[in-house]
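Please work through the following exercises with the sequence and the model at hand. Each task is followed by a solution in steps.

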Amino acid sequence: MACCYIAAFCIGQLVNACQFLDLDNSIRYNEDKSELQYPEKPRATDNQKVESNSIILSLSGMTCSACSSSVEASLNSLPDVDRARVSLALQQATVIGKSPTLDREAIKNAVLDLGYGVEIGPRSPKEIIDVLRSKEEITRLKSSFSQLARCATVIQLVSLLLSKFGRERLPSFILFFIHLFCASLVLFAQHQYISWIHIDGWKWIRGGQPNMNTLISSSVSLGTAFSFLDLLVRGPVKATPYYSSVIGLALVVVSGRYLETMSRRSAAEHLVRVYQPLLEDQYVKMYSTGQFVPQSFLRPGDEIIIESFSTIPCDCYITLGSSSINQAIVTGESMPVKKSVGDFLLGGTRNMGEQLVCVVHKEQGSSFYAQLVQSAVEASGAKSEDFQFLDLMMNYFVIIVMSLAVLVPLKDIYWSANSLSYGFLRLAIMRCMTILTCACPCALGLAIPSAVVAAANVASQKGIVLTKGFLTIQKLRDTQTVVFDKTGTLTKATLDVSSFQTSKAWAHHTTDFWTYICAVEEHTMSTHPLGRAIFSAGVTHLDTPWVEAKMDLSTEGVTVEPGMGISGDVSIASQPWQHVTIGSLRYLQSCGILDLPKTPQKSDHGVIAVHIGIDYSYAGTLLITDAVREDAKATIEQLAHMGCEAKLLTGDVSHSAQRVSRELEIPVLASEAKPQDKLDMIKRLQDHGSIVTMIGDGLNDAPSLSAADVGIALYHEAATPTVGASVVILNSRLDSIPLLLKISKHTVQQIRYNLAWVLGYNCLALSMAAGFISPFGIVLTPPLAAALMSASSILITLNGLWLRSRLAALDT
């Protein structure tokens, strides 16, 4: 037993080191903000009716991936549930129903019947951070380890004293009371300090699946029961019970679980940073009334005041003021960025300068920051369809191990050349305990999430947001064709109105000319780079700030033709309504605009011409610079070197597309393509067996981004992230695309290594425990088996941290 306690001592020193380095209680996050408690949005009550096809459950009691798999399987088995996904890290489940109304009671009972805690509705950010930091679990494990160490010390001391003085010298009744004392101490330690292992281990009787704790509980219970049997059969003098083995096994398991929890908490620190801004003030000031309202009250079109050094509550754009914005939480850029009227602000970023007046673009729940939080959830819970066999293995792994623990000793007894003896039975019990203890199903469940979370973490630090977890990573690794949009993607992100000209009728009314334009373009300035460039230029030509000028405006009937233009009716200060049309020459022709200029010559040198029609007559032309990005050429060359074929697909005119094609040496799939044309082209490539990644930045790219195997939205100063993308590049750098492919390649390699390690370890450990290699002098005892089991889970988590460091070192 000495070697077992040496193993426990070594792990104990690591535990003490972790406790010494556990600075969680002394660290102050966001020290410039006090951690005041603001009213939290209450969870929905059970009798409320759900008018949505999705619901979030706050879970408790899950300790390993087998637990999350059993909850997920139970939820997916409900007739009203279309799909359910469980995140072990967040202790949260997302359930999507087949109809708009979900049966709350059935969903809740499905989890309760498995023995886990559940509440309807998401946790507050403060509660989620506590879950991620595993405060309750770490406190419990610390206490259990220290108390078990004391109990183990007492039992080991008693064993040493008996060895020194000799059992034969002591009266039987004294030995009997010593046995009872040790047995009582073991039972007390199990009840007081590791009862959670027994409780969690046997939840499966009520439904669900056996888990790691089932094996540990079975081994500990078997050793304890046989110790009592040994005392009754052989008497106090000859009995050699398993008190030391049982308490040593519990000590190693708890210390290993503590180290695993600490490593998982380190791996989840990026999730803590994601949720940290949500702890701040949940109220915002309305511009019109000065009233403070909850952030959840905001709706698109509301005008709000963003105070200095406050967090942007939702996606919005500036209508008054300028300031420096810290976007590190979403883009990874440490230096603040200057923002002014017309610029877009992402929810979750921080105003580091002057007060701003902004108009809400997306409410808090639909904001980009909400997408960032959701991507973190998906990264911790998503699985690939190619690895669904893991769920099947998890379902039967523990049952197989328990069967081996029974069949292998019976096999030894059956094939034994000697007659069955009590000593041989003791060895069979020891072998059974070892088999139960050495298996490690937890590592099997950690193999994929640990690598995916590391990849999502590094990507977010580099300004890239991954959603849909491993599904996205795997498809990125397999990408064969990369399709680029042109405007704002291959060309420079920040478009500028370099010059404009008006017709003779509007030559002396430039303020009204720009007012009409701004009134219409306000509806697209946050969804397309051209709209933003035109709106931002227009507000600089007005006599008053836009927030004041728009008070005298009335706008109705605004219609957007993606890839073509926009039109709507505008009235200034009760003047007659004027129909305003903005777009390409072909679009104005289709709208019946008169007196249009002649078709320009095909001498385009990076300039886009946008024509204006007011009251169905030509009013002017805006010239917008559209130069190719400096990093576009190098990015396409990198993709070619990685075996990916780059193509151009744009809604711009043919001669502009050909100019970019010649400069970047990239073939044009189609020009002047409408959203449906882009969608059809993506599907055509997929029909030919190609794995397609599409990169775009405007709302007109949304259908093709959704249809592509991987859709990448390129965020920049001229547009908001569009919908339909499974990846969002927030740093505006095209060279992030090759980097993304490198990250996906390394992550898939790590996952395959993890799976090979887990399967190899379990096969080898079970072979050693079953005695298949005992002829070579290698024999496992239960505590050593427990140390190996804990080391296996810890190694997988540490592999995730190692992968994170390797990915962080990758260059763009």
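**Exercise 1: A helix pair**

In this predicted model, Trp 514, Ile 517, Cys 518 and Glu 521 of helix α18 are in contact with Gly 531, Ile 534, Phe 535, Ala 537, Gly 538 and Val 539 of helix α19. Determine how the residues of this contact divide by character, and how α18 and α19 are oriented to each other.

Solution.
- Step 1. The contact of α18 with α19 comprises seven nonpolar residues, two polar and one charged.
- Step 2. Helix α18 covers residues 510-521 and helix α19 residues 529-539; their axes come within 9 Å and cross at roughly 140 degrees.
- Step 3. An angle over 145 degrees would count as roughly antiparallel, and 65 to 115 as roughly perpendicular. The helices α18 and α19 are therefore oblique to each other.
- Step 4. The crossing of this pair is left-handed.

**Exercise 2: A second helix pair**

Classify the relative orientation of helices α5 and α6, and describe the residues of their contact.

Solution.
- Step 1. Helix α5 (residues 135-165) packs against helix α6 (residues 172-193) at an angle of about 165 degrees, and the axes are 10 Å apart.
- Step 2. The two helices are therefore roughly antiparallel to each other, and α5 passes α6 in a left-handed crossing.
- Step 3. Residues of α5 in the contact include Leu 148, Cys 151, Ile 155 and Leu 162; among those of α6 are Ile 178, Phe 181, Leu 185 and Tyr 193.
- Step 4. The contact of α5 with α6 divides into 14 nonpolar residues, two polar and no charged.

**Exercise 3: A hairpin**

State in which sense strands β2 and β3 pair, and what lies between them.

Solution.
- Step 1. Strand β2 (residues 81-87) and strand β3 (residues 92-97) are joined by six bridges in the antiparallel sense. Within this pairing, Arg 83 stands opposite Ile 96 of β3.
- Step 2. The two strands form a hairpin with four residues between them. In the turn, Gln 91 has a positive phi of about 50 degrees.

**Exercise 4: An open sheet**

Identify which strands stand at the edges of the open sheet of three strands.

Solution.
- Step 1. The strand order is β10-β9-β12, with antiparallel pairing.
- Step 2. β10 (337-339) and β12 (350-351) each have a single partner strand and stand at the edges, so one side of each lacks a neighbour in the sheet.
- Step 3. Strand β9 (residues 323-326) is joined to β12 by two bridges, and Asn 326 stands opposite Arg 350 in β12.

Notes: Residues numbered from 1 in each chain as written. Predicted model: local features only at pLDDT ≥ 70, side-chain atom pairs only at ≥ 80, totals over all residues. Heavy atoms only, no water. Axes fitted to C-alpha atoms, helices over the stretch in contact; angles between N-to-C directions. Parallel < 35°, antiparallel > 145°, perpendicular 65-115°, else oblique. Left-handed = near helix turned anticlockwise from the far one by under 90°. Contact = heavy atoms within 4.5 Å. Nonpolar A, V, L, I, M, F, W, Y, C, P; charged D, E, K, R; others polar. Pairing = 2+ DSSP bridges.
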